Amino acid sequence: MIQNKYKILLVEDESNIRNLVATMLEAANYQTILAGTCSEAKSLYTSYLPDLVILDLGLPDMDGMNLLDFIRRDALTPIIVLSARTNEADKIAALDKGANDYVTKPFGAGELLARVRAALRNARFSTSVGRVSDGRFELNGLEIDYDARRVFVKGEEIKLTQTEYNIVALLSENCGKMMTYAAIIKAIWGGVSQEGSVKKLQVNMANIRKKFGDKPGEQNYFVNELGVGYRMNE
Ligand code: CA
């Protein structure tokens, strides 16, 4: 049997959730390495160098954020955070510290596996899933010419303002990754985000989505996680 499966380190202290997720992953042909504490996860991470880490933040010995820092000191291994719905601030902090994505408990196998696939793909093609060689990005009918700063959907040019273009380019460069409001604001306007800057971002995003013809409840290019940020769909 050829052993070329992706290795996933699953860090979760609740054994019922851990077993459930491990079963989901193994059924999808991933190899799992299981840890129940942060310190156990650190040593398993170092010995196995997994391709991806699924990390519960609430661990008995230390905050899961410790493992995030530990990994991000020298590796870009994709990290998906598992978090409870009530911990919005934790999710945002984890994304800003370099987590690739998060899944909110309770979640279904389909959702988790989609995030795992996206994070692995994203890591494989570095930060630019749809980017093709000559400064262009192509994905499901969306085309961006980074040199000319022009955007097309199914061959039709979308006329964007400078700011709108900058946001679209940023999200495309991080395609599949959830970008927090703070991270987008910092990249587009610089500095720290304030109440007004989130509003400014939301207004720009609303205009972008209108120009792209995004409709609520449909498969669109942009996804908004309320209170967290935006992601460009793969
Ligand atoms: Ca926990």
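Visitor: Why does Lys211 count as partly exposed?
Guide: Lys211 has 35% relative accessibility. Buried means under 20%, and exposed means over 50%. The value of 35% falls in between, so Lys211 is partly exposed. This is a predicted model, by the way.

Visitor: What makes Glu164 buried?
Guide: Its relative accessible area is 3%. The cut-off for buried is under 20%. Glu164 meets it, so the word is buried.

Visitor: How do you know that Lys211 forms a salt bridge with Glu164?
Guide: Look at the closest N and O atoms: they are 2.6 Å apart. The limit is 4 Å. A gap of 2.6 Å is within it, so the pair counts as a salt bridge. The pair also links distant parts of the chain. Lys211 sits in helix H8 and Glu164 in helix H6, 47 residues apart.

Visitor: Which salt bridge does Glu143 take part in?
Guide: The side chain of Glu143 meets that of Arg136, at 2.3 Å from N to O. That is within 4 Å, so the rule accepts the pair. Glu143 is partly exposed at 23%. Arg136 has 22% relative accessibility and is partly exposed too.

Visitor: How many salt bridges does the rule count?
Guide: The count comes to twelve. One of them joins Asp101 and Arg231, at 2.8 Å from N to O. Here too the pair links distant parts of the chain: Asp101 is in strand E5, Arg231 in strand E13, 130 residues apart. Both Asp101 and Arg231 are buried. Salt bridges also link Asp101, Glu111, Arg115 and Arg231 into a network.

Visitor: Where do domain 1 and domain 2 lie in the chain?
Guide: The domain assignment gives 7–127 for domain 1 and 136–232 for domain 2. Their C-alpha centres lie 26 Å apart.

Visitor: How do you know that domain 1 is in contact with domain 2?
Guide: Contact asks for heavy atoms within 4.5 Å. Twelve residues of domain 1 meet that rule with 14 residues of domain 2. Between them the two domains bury about 980 Å², with 42% of it on carbon and sulfur atoms. The rule also finds one salt bridge across this interface.

Visitor: What kind of aromatic pair do Tyr6 and Tyr30 form, and why?
Guide: The structure holds five aromatic pairs. The ring centres of Tyr6 and Tyr30 are 6.3 Å apart, and the planes stand at 40 degrees. Centres within 6.5 Å make a pair. Under 30 degrees would be stacked, and over 60 edge-to-face. An angle of 40 degrees is neither, so this pair is tilted. Tyr6 lies in the segment before strand E1, while Tyr30 lies in the loop between helix H1 and strand E2. The accessibility words follow from the values: 29% makes Tyr6 partly exposed, and 10% makes Tyr30 buried.

Visitor: What makes the pair of Phe212 and Phe222 edge-to-face?
Guide: The planes are 85 degrees apart, and the centres 5.1 Å. The angle is over 60, so the pair earns the name edge-to-face. Phe212 belongs to helix H8 and Phe222 to strand E12, ten residues apart. Phe212 and Phe222 are both buried. Ring pairs link Phe212, Tyr221 and Phe222 into a cluster.

Visitor: Which residues touch the most other members of the largest nonpolar core?
Guide: They are Leu142, Leu171, Phe212 and Phe222, in a core of 28 residues. Several elements give two or more residues to this core, including helix H7, helix H8 and strand E13. Helix H6 gives the most, with six residues. Apart from this core lies another, of 25 residues, with Val11, Met65, Tyr102 and Val228 among them.

Visitor: Why is Asn140 called exposed, and Arg149 partly exposed?
Guide: Asn140 has a relative accessible area of 52%. That is over 50%, so it is exposed. Arg149 has 36%, which lies between the two cut-offs, so it is partly exposed. Asn140 lies in the loop between E7 and E8, and Arg149 in the loop between E8 and E9. Neither is a glycine, yet phi is positive: about 45 degrees for Asn140 and about 55 degrees for Arg149.

Note on methods. Residues numbered from 1 in each chain as written. Predicted model: local features only at pLDDT ≥ 70, side-chain atom pairs only at ≥ 80, totals over all residues. Heavy atoms only, no water. Core = buried A, V, L, I, M, F, W, Y, C linked by side-chain atoms within 4.5 Å. Buried < 20%, exposed > 50% of the residue type's maximum accessible area, 1.4 Å probe, protein only. Helix = DSSP H or I, 4+ residues; strand = E, 2+ residues; numbered from the N terminus. Phe/Tyr/Trp six-rings, centres within 6.5 Å; stacked < 30°, edge-to-face > 60°. Domains from an automatic or database assignment. Buried area = accessible area lost by both parts, 1.4 Å probe.
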